[in-house]
Amino acid sequence: MGKSLNRAENTARGGAYVILLLMLVAAVFPLFWMISSALRPYSELFTRPPMLLPNTYTLEWFRKVLNYSNFAQSLLNSLIVALGTTVVSVVVGCMTAYSLSRPKLRGKNLFSRVILIAYMFPPIILVIPLFQIICGMNLANTHLGLILTHITFSFPFSAWMLLSYFKTIPRDIEEASRVDGATNLRTFVQIILPLTAPSIVTAATFTFINSWNEFLYAFVLANSNATKTLTVSLQAVKGGEMMEWGVVLAWSAMLVIPSLIFFACLSKYIVAGLTAGAVKG
Amino acid sequence: MRRVLSLVLCLLLMMSIVSVGAMAEAKPESITFWMGYSQQSRVDAMEAIGQKYYEQTGVKVNFEVVTWPNTAEKWRAAYSAGQMPDIIICLPDQAVAMFVAGATIPVDDVIEAIGGTEKFLDSVLTEQFYDGSYMAVPHYAHDRLLIYRKDALEAAGQSVPTTPEEYLAVTKAINDPPSYAFQQLFNASDYGSAFMLDIFMRTFGAQYFDESYRIVFDSEETVKAVEFLIDMYEAGSQPDAMDFIINDQFTLLNTGATLMTLDSAFTIKSALDSAPEVAEKMDVALAPANYITTFPVCVCDGENAETAKDFVRFMFEEDNYVDFLASYQPGMNPTMKATAAADSAFWKLPVFENALALKASQTQAEGIEQGGYSIGNQFGANPFSGVLTSGYVEEMFQDIIVNNVPVVDAVKVCAERMQEAVDEQKDALGW
Amino acid sequence: MMRQQKKPNLGRSPGVWLDDHLAQIFLIPALILIAGLIAYPAALTIYNSFTNLSMLTMKATKFVGFQNYATVLGGSEFWVSLRNSLVFTVGSISGQLILGMIGALALQRIPFGRTAFRVGLLVPWTFPSVAMTFVWDWMLDSGFGIINFALMGLGIIGEPIAWFGSRTWAMFSVIIMNIWFGAPFMMLALNAGLQTIPSDYYEVGKIEGANFFQRLRYIILPSLKKIVGVLLILRTIWVFNNYDFIFLTTGGGPAKATQTVSIMAYFTAWKRSAMGRGSAITILLLVFVAVMIALYFKFFKIDSEEA
């Protein structure tokens with residue numbers, strides 16, 4: 001490796017930048033186009049050819065969405081369900097990960113496998129019986145009912161992700177704590193949990209986002225205004241009485257932007273989470 | 001231990017007092033109302049009526065928007081979970097399904113309270129009557145009209161079509177991509193083609209059902225009607241566009257992507273609001289057959305049924321009724337004789353100062369007077385019309401166009417599939 | 001700094017026993033959740049598949065044995081749907097993998113800006129399915145979609161194409177959309193994997209004078225074998241069973257050109273109200289998933305403690 005970069009290296013780098021830029025444009029264009037369309041009045045939505053940027057900017061679609069009779073309620077519903085799912089999945093996930101990372105626990109390999117299999121169960125397979133069960137328990141159209149269905153995919157994922165992290169906690173730290181006379185419980189709470197905090201944040205992040213974005217279970221089980229989530233409400237706009245593109249695009253934008261901000265702020269954890277899932281275990 | 005026991009006893013005592021008190025309170029504090037009206041103005045109008053009711057009686061009405069296509073699936077989940085609302089406004093075939101399942105109750109007494117069946121236009125009550133009683137009260141009605149661009153017809157020297165041959169001729173004459181003459185609605189997740197076909201089937205003398213609700217779709221007349229619609233597609237639709245749904249119509253009309261279509265006067269309302277320059281060039285006429293849809297108000301079987309019935313009666317008091325109708329015109333025509341009469345407050349609404357709005361509403365009224373029915377309800381309300389709007393017809397059209405299946409075969413297969421579905425329904429209902 | 005070994009001063013009270021068995025106790029909630037929310041529904045759906053459960057009544061009135069399976073497997077709709085599922089899956093996964101690989105390699109190459117690209121390229125993945133499908137519907141609209149105008153402007157096509165509405169292009173369009181959505185995930189995971197390849201491997205490659213493609217073949221791909229395998233299996237399961245994307249764009253049309261097995265299951269259960277038959281279809285899906293899971297466990301022994 002001389003001080004000057006050779007030509008091949010430079011072209012390779014240039015090529016890489018070009019490729020990445022092209023991909024970036026492709027990745028970001030739909031986002032840009034969605035927002036640009038949502039900011040223009042009806043008369044400019046359907047021009048031939050379409051204009052990349054609006055001539056007049058308007059917030060009327062966004063205002064219409066906010067005034068939609070159930071937007072605020074849907075937002076609240078999505079929040080409640082996502083939070084509830086996250087809390088349960090992460091708490092039980094931590095407990096499970098702790099147990100399965102104990103060296104001498106009997107049946108832990110089997111249980112780890114069970115968790116992984118549970119994670120791989122696609123929602124479409126469970127949706128019919130869960131629908132039956134939740135209706136049978138009188139929990140249809142309740143937050144709790146929907147939370148229960150979300151747990152079916154959130155908890156296994158959470159447990160699995162946390163487990164791979166919990167396994168990396170060195171034995172000696174725990175031993176030292178035992179030697180000091182702490183109970184297992186105290187060791188768990190005061191030593192292990194703080195050490196695994198980054199993975200807990202990651203698991204919570206993923207669980208929240210997956211629950212927030214979820215559609216199928218919410219579509220099937222949450223239909224009253226009191227429980228409809230944002231995704232279901234947005235889909236209903238399409239099934240409404242006229243195809244209001246402006247409203248649909250503005251609503252989509254309002255769903256995506258918080259998700260984006262969330263991702264950007266927590267990107268460190270998200271990248272870690274994605275890779276933890278892929279590389280470890 | 002004794003302290004705990006006495007505490008528990010006190011608690012039980014308190015709880016029993018509270019529950020007895022609650023039971024003694026016969027009137028509910030609130031009732032739940034599901035409706036498919038999603039436009040803000042209609043929601044506001046309903047809420048205003050609810051507010052008036054609250055001021056009069058102290059009962060709150062909680063409105064929830066449940067879109068038409070979703071109601072069919074959602075009421076079942078609600079019913080199994082014991083969470084039905086108190087009042088539902090839905091589509092006619094959904095009303096029957098709920099009534100047959102016992103989720104809703106007869107409303108003969110409500111109609112009496114409103115003033116009796118003579119208060120309603122004749123044609124609007126047939127779809128509400130089933131198995132000896134009235135399942136629902138018709139809130140409003142609309143008719144599918146021919147919506148057309150008079151400038152396009154003039155430019156091609158065409159007059160308004162009335163027969164299928166004329167429709168085809170006009171379509172060919174004015175088709176001018178990207179302004180297509182008459183876009184078809186072939187998306188299988190909706191029933192756009194089922195109703196378009198229905199209107200022309202009646203002209204050709206074909207039927208979906210016979211009186212005993214056997215599918216008689218497979219007939220020569222149907223084949224002619226289907227071939228006609230295929231010709232219309234080839235002459236006036238964007239090639240390959242198999243995914244238009246009914247509520248794309250508004251965009252299609254407002255942007256000139258279609259120059260003619262069959263739909264209700266709601267399209268005029270949308271054009272007047274969103275694309276006035278296009279609205280100026282639009283006009284309406286009666287369709288070859290009157291496809292009239294009424295919107296049933298059903299009362300659910302529950303502890304609040306009496307209050308619910310009272311609220312329904314309240315909705316039909318003249319002032320409240322006109323207030324509601326005013327919230328979205330043209331498009332909603334009155335089902336009550338007094339309101340439909342030429343001298344009523346309805347026709348004096350400011351919206352009718354616009355000539356097109358007035359004409360659209362009047363044309364709908366004409367069609368409703370003449371009488372007609374919506375798909376499958378030729379012999380009255382029945383639990384099977386829903387089968388016809390489940391996408392079989394759209395799938396048939398797609399098979400013909402995309403897979404080149406001969407029309408005769410496709411019609412046969414469609415009829416068989418619909419018959420299967422009807423049989424399954426009959427089986428499940430113990431028919 | 002030796003302390004005396006202290007034991008918690010609780011004697012033989014229940015507290016000690018609970019604490020000693022903390023690991024087992026902590027597993028109880030997980031057991032309950034899995035048993036109640038996953039195992040039981042799975043068993044229930046197997047049972048349902050042998051009945052005539054209807055959504056109209058939410059009750060099964062008779063036990064029909066293998067009738068549902070016979071009807072489903074005997075009709076052509078299932079096989080058409082299965083073919084579509086396979087086309088959708090293979091098309092999407094290949095596209096995601098290839099693009100992901102290209103992106104991962106490119107990311108590896110550049111000296112700065114990596115984080116910015118990572119965040120930007122992750123945008124598709126943040127879209128909820130509803131929002132993504134609507135935006136793509138808007139972009140690919142037959143009358144007003146910007147893609148049509150762009151392609152016509154570039155002279156690639158002469159007339160607007162009805163992307164989601166046309167038999168020829170519907171499957172292609174949903175695959176492209178799915179690739180757009182899933183490639184970022186692949187890219188990041190592969191990139192993370194690339195970063196674990198020890199740099200000495202590259203050194204050896206350089207010393208031996210290997211060019212890019214040789215490096216790819218002999219160093220990179222073998223090292224990534226495990227990650228690629230894991231990714232492939234997980235993503236395949238997910239894509240094969242995906243319901244949202246197709247339901248929200250084409251609804252399985254036109255003429256069932258994009259109807260996958262999961263969509264067929266949903267329609268059978270909710271549109272045709274035949275939940276028993278719908279359950280049978282999902283059990284068939286389950287068979288596929290089971291095969292994939294078995295493959296996973298065969299190739300990647302996760303129960304051993306290997307990193």
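How many residues of chain A are in contact with chain B, and how many of chain B with chain A? That was the question I opened my notebook with, and I kept in mind that this is a predicted model.

**Entry 1: chain A against chain B**

I looked up the contact and found 28 residues on chain A and 35 residues on chain B. The area buried between the two chains is about 2500 Å², and carbon and sulfur atoms give 49% of that. Three residues caught my eye: A:Tyr42, A:Glu241 and A:Met242 supply 29% of the area that chain A buries against chain B, more than any other three residues.

Next I searched this contact for charged and polar pairs. I found 0 salt bridges between chain A and chain B, but 2 residue pairs in polar contact. I then asked which elements of chain A give two or more residues to this side. They are α6 (123-136), α11 (216-221) and α12 (230-239). Helix α12(A) has the largest share, with 4 residues. By type, the side of chain A that touches chain B holds 13 nonpolar, 11 polar and 4 charged residues.

**Entry 2: chain C against chain A**

Here I noted 95 residues from chain C and 99 residues from chain A in the contact. The buried area is about 9200 Å², with carbon and sulfur atoms giving 80% of it. On the chain C side, C:Phe26, C:Phe134 and C:Trp138 supply 9% of the area buried against chain A, more than any other three residues.

What did the search for salt bridges across this interface give? It gave 0. I did find 4 residue pairs in polar contact. Helix α2 (residues 22-48) of chain C gives the most to the side that touches chain A, with 18 residues. I also sorted the residues of that side by type: 68 are nonpolar, 15 polar and 12 charged.

**Entry 3: one residue, A:Thr96**

I picked A:Thr96, which is found in helix α4 (residues 71-100) of chain A. Is A:Thr96 buried or exposed? Its relative accessibility is 0%, so A:Thr96 counts as buried. Then I listed its contacts, leaving aside neighbours within four places in sequence. In chain A they are A:Phe111, A:Ile115, A:Phe155 and A:Ala159, and in chain C they are C:Phe26, C:Leu27 and C:Ala30. I had met C:Phe26 before, among the three residues that supply 9% of chain C's buried area against chain A.

**Entry 4: strands of chain B**

I followed strand β11 (residues 292-300) of chain B and saw that 9 of its 9 residues are buried. B:Ile292, B:Thr294, B:Pro296, B:Cys298 and B:Cys300 point one way, while B:Thr293, B:Phe295, B:Val297 and B:Val299 point the other way. Why the two sets? In a regular strand, side chains alternate between the two faces of the sheet.

Which partners does β11(B) have? I made a list.

- Strand β3 (residues 87-89) runs antiparallel to β11(B), with 3 bridges; B:Ile87 has B:Val299 as its bridge partner.
- Strand β4 (residues 104-105) is also antiparallel to β11(B), with 2 bridges; B:Thr104 is partnered by B:Cys300.
- Strand β7 (residues 136-143) is joined to β11(B) by 6 bridges and runs antiparallel to it; B:Asp143 is partnered by B:Ile292.

I also checked β9 (residues 260-263) of chain B. B:Met260 and B:Leu262 point one way and B:Thr261 and B:Asp263 the other, and all are buried. Strand β8 (residues 145-149) is antiparallel to β9(B), with 4 bridges, and B:Tyr148 has B:Met260 as its bridge partner.

**Entry 5: salt bridges**

How many salt bridges does the whole structure have? I found 13 over all chains, and I looked at some of them.

A:Lys64 pairs with A:Glu244, with the closest N and O atoms 2.9 Å apart. A:Lys64 sits in helix α3 (residues 60-67) and A:Glu244 in the loop between α12 and α13 (245-265), 180 residues apart. A:Lys64 is partly exposed at 38% relative accessible area, whereas A:Glu244 is buried at 18%.

In chain B, B:Lys309 and B:Asp109 meet at 2.7 Å, N to O. They lie 200 residues apart, B:Lys309 in helix α14 (residues 305-315) and B:Asp109 in helix α5 (residues 108-114). B:Lys309 is buried at 12%, while B:Asp109 is partly exposed at 38%.

My last pair was B:Lys269 with B:Asp273, at 3.2 Å. They are 4 residues apart in helix α12 (residues 266-274) of chain B, so about one helical turn separates them. I also noted that salt bridges with shared partners join B:Asp310, B:Arg313 and B:Glu317 into one network.

How values were computed: Residues are numbered from 1 along each chain as its sequence is written. Chains are lettered from A and ligands numbered from 1 in the order in which they are written. This is a predicted model: local features need pLDDT of at least 70, side-chain atom pairs count only at pLDDT 80 or more; totals for chains, interfaces and linings use all residues. Side-chain values use heavy atoms; hydrogens and water are left out. Contact means heavy atoms within 4.5 Å. Buried area is the accessible area (1.4 Å probe) that two parts lose on being put together, summed over both. A salt bridge is a side-chain nitrogen of Lys or Arg within 4 Å of a carboxyl oxygen of Asp or Glu. A polar contact is a pair of N or O atoms within 3.5 Å; within protein, one must be able to donate a hydrogen and the other to accept it, and residues adjacent in sequence count only if both atoms are side-chain atoms. Ala, Val, Leu, Ile, Met, Phe, Trp, Tyr, Cys and Pro count as nonpolar, Asp, Glu, Lys and Arg as charged, and the others, Gly among them, as polar. Buried means under 20% relative accessible area, exposed over 50%, partly exposed in between (1.4 Å probe, protein chains only). Two strands pair if DSSP finds at least two bridges between them.
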